[in-house]
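Trainee: Please take one part of this model and go through it closely. I would like to see how it relates to the rest of the chain.

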Amino acid sequence: MGTFNEEIIINQLKDPKTRRKAFESVVGQYSEKLYWQIRRIVNFHDDADDVLQNTFLKAWTNIDSFRNDSKLYTWLSRIAINESLSYVAKQKTNISIDNEDINLAERLESDNYFDGDETAAMLQEAVDQLPEKQKAVFTLKYFQEMKYEDMSQIFGTSVGALKASYHLAVKKIEEYFNNHD
Amino acid sequence: MKSEIEIKKRLSEGPTNPFRVPENYFEDFTARMMSRLPAEEGETSTDATTPVIEMNAHKRRGKWMSWITAVAAVMVGVVIGLHIVDNNQNTPAPTTTPTYASVQSVSEEEYEDMAEYAMIDAGDVYAYLSGF
């Protein structure tokens with residue numbers, strides 16, 4: 001794959017003749033980064049794969065609504081976060097009675113695609129307890145190390161509000177660790 | 001009380017990223033994704049004709065089962081309907097119960113009409129019989 005020039009790609013996305021080829025470059029460029037963002041929220045590979053596909057499908061069908069005032073990755077991140085959160089919310093309402101008593105850390109530790117230790121599993125479980133927006137903010141800041149300014153574009157919220165949300169999330173995670181140690 | 005730094009430190013002792021993906025997942029993803037994008041208006045690309053998000057096997061099976069159930073229900077309805085019409089036309093009612101022969105009396109043309117009414121063709125039937 002050649003070098004990725006965002007400006008050229010955005011122009012190609014606007015032209016129906018070059019749109020598909022340009023979108024292929026976008027998928028190649030951002031799929032891995034978006035995947036990890038999604039995976040930290042949904043936790044399991046099959047779910048992350050479904051959400052990632054939904055994200056690109058939604059981006060493709062709404063490509064005309066993309067405006068140049070944000071970066072492509074920021075726009076895709078916003079879709080990915082929304083898709084991940086609604087996927088998890090839907091999953092929680094559909095959870096079977098049999099699985100209700102099995103906590104996330106236990107399910108992760110028995111997952112073939114999870115290599116982490118008990119602490120890593122517990123951190124994912126602690127993040128999973130957070131309210132939706134805090135979960136997304138914590139994931140992007142802590143795991144993805146995204147700047148508050150970029151996050152501000154994704155959430156349409158001020159940097160100050162995001163910082164407050166992040167610190168509240170950290171506090172809740174610390175409490176969770178304290179209560180489960 | 002454990003601080004965020006302490007939690008980070010504990011995490012750093014293990015793998016940085018505890019998650020793994022199947023082999024070649026990222027290498028194959030772009031091609032897989034592109035083959036699933038719906039075609040745009042006026043687009044002629046042959047690989048763009050399947051606007052389907054990949055579904056897990058159980059979801060796919062569920063979709064086919066409901067489709068098959070719907071078609072079967074229509075077929076049963078049409079057969080019963082034709083049978084009633086056939087009986088009404090042959091009044092007075094026969095003294096014997098309907099036999100296999102009476103069901104067989106539905107001509108090939110009538111079956112074709114039924115299939116057309118149910119909007120299925122041989123291709124659909126072969127697809128179903130072959131498992132997809």
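**A126(A), the core and helix α2**

Mentor: Beyond its neighbours within four places in sequence, A126(A) is in contact with three residues: I173(A), Y176(A) and F177(A). The model is a predicted one, so these contacts are computed from predicted coordinates.

A126(A) also belongs to the largest nonpolar core, which has 46 residues. Together with L34(A), I38(A), L52(A), F56(A) and V137(A), A126(A) is among the members that touch the most others in that core. The biggest contribution to the core comes from helix α2 of chain A, residues 16-42, which supplies nine residues. In soluble globular proteins, nonpolar side chains tend to be buried together.

Helix α2 itself deserves attention. α2(A) bends by about 50 degrees, and the bend is placed at Y30(A). The end-to-end span is short as well: with 27 residues, a straight helix at 1.5 Å a residue would reach 39 Å, but the end C-alpha atoms of α2(A) are only 34 Å apart. Following α2(A) comes N43(A), which has a positive phi, near 75 degrees.

As for the setting, chain A consists of nine helices and zero strands, giving the pattern α-α-α-α-α-α-α-α-α along the sequence. Of the 181 residues in chain A, 34% are buried. Among contacts in chain A with a separation of 6 or more, 59% are between residues 24 or more positions apart. The contacts of A126(A) with I173(A), Y176(A) and F177(A) link distant parts of the sequence in this way.

Note on methods: Residues numbered from 1 in each chain as written. Chains lettered and ligands numbered in written order. Predicted model: local features only at pLDDT ≥ 70, side-chain atom pairs only at ≥ 80, totals over all residues. Helix = DSSP H or I, 4+ residues; strand = E, 2+ residues; numbered from the N terminus. Buried ≥ 20, exposed ≤ 12 C-beta atoms within 10 Å, placed from the backbone. Contact = placed C-beta atoms within 7 Å. Core = buried A, V, L, I, M, F, W, Y, C linked by C-beta atoms within 7 Å. Expected span 1.5 Å × (residues − 1). Bend = angle between axes of the 7 residues up to and from the residue.
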